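This briefing sets out selected features of the protein displayed below, grouped by topic. Please read each point alongside the sequence and the model.

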Amino acid sequence: MGNFCSKCGTAIKNDDGYCSNCGYQLKKDKKRVTAGMLGLFLGPLGIHNFYLGDKKKGIMQIVITLCSSGAAGIVGIVEGILILTGIMNVENN
């Protein structure tokens, strides 16, 4: 017995991430949640940028945070919030 979209009821394959009929996202975006949590808890260190594959931005974030005595670390926390809310896209990374 196959799976069905919980939004429109269309039959879907097990490996589909989206419903082909309505476009509903079927799988949880674990990468987005992980990156967002890293941003929230380790944002001043830029760890979420390393996780997303942007090493240059991660190193810059560490340097700027250290040069500002930690004050610029709020940027990483804000990025974590933006990632979790879906405002900041992590698909391109």
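Glutamate 79 is buried in this predicted model, because its relative accessible area is 9%, below the 20% limit for a buried residue. Glutamate 79 lies in helix α4. Residues up to four places away in sequence aside, glutamate 79 touches His48, Asn49, Lys57, Gln61 and Met88.

**Glutamine 61 and its surroundings**

- Glutamine 61 belongs to helix α3, which comprises residues 55–67.
- Glutamine 61 has a relative accessible area of 7% and is therefore classed as buried, the cut-off being under 20%.
- The side chain of glutamine 61 makes a polar contact of 2.5 Å with the side chain of asparagine 49.
- When neighbours within four places in sequence are set aside, the residues in contact with glutamine 61 are Gly43, Pro44, Gly46, His48, Asn49, Val75, Gly76 and Glu79.
- Asn49 and His48 are also among the residues that glutamate 79 touches.

**Helix α3: buried and exposed sides**

- Helix α3 consists of 13 residues, and the distance from its first C-alpha to its last is 18 Å, close to the 18 Å expected at 1.5 Å a residue.
- Which residues of α3 are buried? They are Gly58, Gln61 and Thr65.
- These residues lie on the same side of α3, because they cover an arc of only 60 degrees around the axis.
- An α-helix has 3.6 residues a turn, so residues three or four places apart point the same way.
- The buried residues of α3 pack against two helices, α2 (47–51) and α4 (74–85).
- Lys55, Lys56, Leu66 and Cys67 are exposed residues on the face of α3 turned away from its buried side.

**The loop after α3**

- Serine 69 is placed in the loop between α3 and α4.
- The phi angle of serine 69, just after α3, is positive at about 55 degrees, and serine 69 is a residue other than glycine.
- Is serine 69 buried or exposed? Serine 69 is exposed, because its relative accessible area is 72%, and the cut-off for exposed is over 50%.

**Cysteines**

- How many disulfides are found in the whole structure? The search finds zero.
- Cysteine 22 is partly exposed, because its relative accessibility is 34%, a value between the 20% and 50% cut-offs.
- Cysteine 67 has a relative accessible area of 66% and therefore counts as exposed.
- Cysteine 67 is also one of the exposed residues on the face of α3 turned away from its buried side.

**Overall organisation**

- The protein contains four helices and two strands.
- Along the sequence, these elements follow the pattern β-β-α-α-α-α.
- Of the 93 residues in the protein, 24% are buried.
- Of the contacts between residues at least 6 apart in sequence, 33% join residues at least 24 apart.
- The exposed area of the protein is about 6300 Å², of which carbon and sulfur atoms supply 62%.

Notes:
Residues numbered from 1 in each chain as written. Predicted model: local features only at pLDDT ≥ 70, side-chain atom pairs only at ≥ 80, totals over all residues. Heavy atoms only, no water. Buried < 20%, exposed > 50% of the residue type's maximum accessible area, 1.4 Å probe, protein only. Contact = heavy atoms within 4.5 Å. Areas by Shrake-Rupley, 256 points an atom, 1.4 Å probe, with all protein chains shown as cover. Polar contact = N/O pair within 3.5 Å; in protein donor to acceptor, adjacent residues only side chain to side chain. Expected span 1.5 Å × (residues − 1). Arc of directions from axis to C-beta. Disulfide = S-S within 2.5 Å.
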